[in-house]
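The following exercises concern the fold of one chain and its contact with a neighbouring chain. Each task is followed by a solution in steps.

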Amino acid sequence: MSALAVRDLEKSFGGLRVTAGVNLVVERGERRLILGPNGAGKTTLFNLITGETRPDGGSITFFDRDITGVPSHRRAHLGIGRTYQIITLFPRETLLRNVTLSLLGLSPLRWNPFVRLERQAALVARARAVLARVALDQLAERPLTQTSYGERRRVEIAMALAQDPKVLLLDEPFAGLSIEERRDVLRLVSGIPRDVTIVMIEHDMDVALDFAERITVLHFGEVVVEGSRREVVAHPRTREIYLGE
Amino acid sequence: MSLWLVLAVNSITLGGLLFLLSAGFSLIFGLMKIPNLTHGSFFMLGAYLATSLIARGFNFWTAALVGGLLVAALGGIVERLILRRLAGAELAQVLVTLGLSFMIADVCLMVWTGDPIRIDTPAGLRGATSVMGLGFPTYRLAISLIAVIFAAALWALLDRTRLGAMIRAGVDDPAMARVVGIRVSRLFTIVFCLGAWLAGFAGVIGGPILSVYPGLDGEMLPLALVVVILGGTGSLVGSLVGSFVVGFLYNFGQAMFPELAYVVLFLPMLIVLVVRPQGLFGRQTV
Amino acid sequence: MKRLALVAALAILAAAPLWVGGTYYVNVASQILIYAIFALGVNVLAGYAGLVSLGHAGLFGIAAYGGAKLMSAGHGQVVVTVGGLAVTLVAAAFFATLSLRATGLGFVMITVALGQIVWGVAYRWISLTNGDNGISIGGRPRPFGLSLASPAGFYWATFVVFLAAVASMAILVASPFGASVRGTRDQARRMNALGYHVWMIRFLAFLFSGFWSGVAGILYLYYNQFVSPQMVALTASAEVLLMVISGGTATLLGPIVGAGLVVVMKNVASAYIERWNFVLGAIFVAIVVFMPDGLVPGTVRLGRWGLAAWRPRAPSAVPAPGEDDGR
């Protein structure tokens, strides 16, 4: 049973075919990297998997369950987590509150209009623990607006990790980071246990290659190369796409 | 039988007026992304201004054009001095148009008082014309013709001129339009003035049929809103179709269920929103 | 310290009929409380959910008309109140379903259309609403046998309801559901991905908002003993929105202060100038252009700004490129 499988997935916006018959199978515990130049349809693929975008055709399977018709807000409950290329956190809140909101999303407590959120000790404790995993527990009470970009990138990942996803989709987690910050994030991501399957999109090959076991290369919405790291790096098509045509 | 015919003609007339009113509204919403809540006031103000111009001896058509121009000028001032300051904050812009609508309505009340004012049908278009053996009020036919001419003119503007191409680009993708070099802010002013002119002009043209009175703005605005919700924003065809649908619904509704005219309007809006939120012809969701 | 100030403020408010000079002012105070409840309700949607409605006077009016009709049919005060609120909730569900087909400006536009349709019905459906002549009701209710005919009596009854409203809002804001609502305002897309049912959250917020607008409507009916289409006009929706934005949407105090300001202004203006609508419009424009956060945060900011001139500023992180505020 694969963790995530995508079959003949199609999506067009207006006349533009952004996802053109993509087939993808990610095994449990795998570390998959999705590469491709800008406009290759990588983020759209993620959006299709999380359900934010509805496919024009094809299917999506999650641990052998067809989730193509499952509404997007239910997919988090099934175990799909993701981060975003552009940071989409809650700007007016503290780091602790940001992560608490993430935890709340899967909890029936989120419908409760009577109790005080701050007094939910178990929830808040778990949020602190998640922040500790990304080494940000010292800054728990800091408002998001007073954190650095690198710290926010780590909060992004914390938000997704908080929900104990089975499949974690990381969309360009290294974007905009300094070399040292990249190493920190890489260490963080590499430290995630194997019961979480990770699919990462990256545009920049340097850091991501260290992480990947298998690589899928997208170009104009299609899978053009797929294989192990060594195979893909050596493949002529890969060089063609990245060094110009 | 003849009652239905009369209603049909009246509906087409109202539809024509609504088209003039809502075409501007739809363009403004499509390009600037703001529902211009001052639009009803522009309609009313144009009519009021014309009554004064006519009282001073201007001929009906001149009054219509000049009235429209004065309203357009006001629109231009509003856009450049206030709306442009709030560029990007669309909600704030909507609230401003709301505040302005109250101000304009109150000024009209102050200047022209609360009594309804009739605008006489222009000479030459009074009486009835015989079409296919039936008599129709000439002026109502004229309004329909004017609406058709303007529809064609607007279509030609949007489809055939550079200005029109820029407007369409701005409606489709404002960010890209800027990148390509289109002066979007100047476009905004032009479109806002054009919309205001159309509204003011429509107010005058509608004068002989609707008269002018306080509250006219509040009655026309929801009609324009429903037209745009039905027909889709930024779409000329949508405004045309929507205007006639609303014109028919409103007139027939008023004749058949006089107390429920607004409820009758409500139903198609409901259906469209549930089934196809972007309106019959709109492309982006409202 | 804050708690003490709060208790003191409430005590002062509760004792209002005793220190405010004369029955006219007690009535104004009642009006302020009624509109404060209305504004708080609208703020749940506008401030916490980020959905600005310009049609809420429709719900306010539906409650008042519903109550008036029930009263004319001879029902007792309990039926009138419960029935009026029930009708309002149904209407709110209806409004919500339609207007949530869009967000942002589309939402505003649909609420305007809905509010205007309610006004059109109130104005034209004469056999139901008596049109422009409105509906009068016999007198005020007598909860537990207490008479509310006197201004002071009515004020205190309204004050109790006001306390209930404020308490419910305070609890909601601090609750997990309240956090969900605010989350959908700030990052709807992310909330969706985190497992929140964004539409349902907004729908429920709308119902909550509609409920309190209905409560305010019924109170107004009892206060005024008369309901007319004027109550559901666009100006009425604009007035309550002005209360919310002038006071500021971020706090519970904001709409209350805003209600006070607008009601006082309206009463004062009507006494001296006949041009209330013009003033309303002008203030709207002025506040939106110059003080978009409202007067309460605006004044607080001005205060801090003054203080900051004397103290060095702490360094704050500049938002990095690639930051998005999501919709």
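**Exercise 1.** Determine the order in which helices and strands follow one another in chain B of this predicted model.

*Solution.* Read from the N terminus, chain B has the order α-α-α-α-β-β-α-α-α-α-α-α-α. The count for chain B is accordingly 11 helices and 2 strands.

**Exercise 2.** How compact is chain B in relation to a globular protein of that length?

*Solution.* Step one: the radius of gyration of chain B is 18 Å. Step two: for 286 residues the globule rule gives 19 Å. Step three: the two values are close, so chain B is as compact as a globular protein of that length. The extent of the C-alpha trace of chain B along its principal axes is about 55 × 45 × 35 Å.

**Exercise 3.** What percentage of the residues in chain B is buried, and what share of its contacts links residues 24 or more positions apart?

*Solution.* Of the 286 residues in chain B, 53% are buried, a residue being buried if 20 or more other C-beta atoms lie within 10 Å of its own C-beta. Among the contacts in chain B with a separation of 6 or more, 73% join residues 24 or more positions apart.

**Exercise 4.** Describe the contact between chain B and chain C, and the side that chain C contributes.

*Solution.* First, the contact involves 41 residues from chain B and 34 residues from chain C. Next, on the chain C side, at least two residues each come from helix 6 (104–124), helix 7 (126–129), helix 12 (234–247) and helix 14 (276–290). Helix 6 of chain C gives the most, with 12 residues. Finally, the residues on the side of chain C that touches chain B comprise 24 nonpolar, 7 polar and 3 charged.

Notes: Residues numbered from 1 in each chain as written. Chains lettered and ligands numbered in written order. Predicted model: local features only at pLDDT ≥ 70, side-chain atom pairs only at ≥ 80, totals over all residues. Helix = DSSP H or I, 4+ residues; strand = E, 2+ residues; numbered from the N terminus. Rg over C-alpha atoms; globule rule 2.2 N^0.38 Å. Buried ≥ 20, exposed ≤ 12 C-beta atoms within 10 Å, placed from the backbone. Contact = placed C-beta atoms within 7 Å. Nonpolar A, V, L, I, M, F, W, Y, C, P; charged D, E, K, R; others polar.
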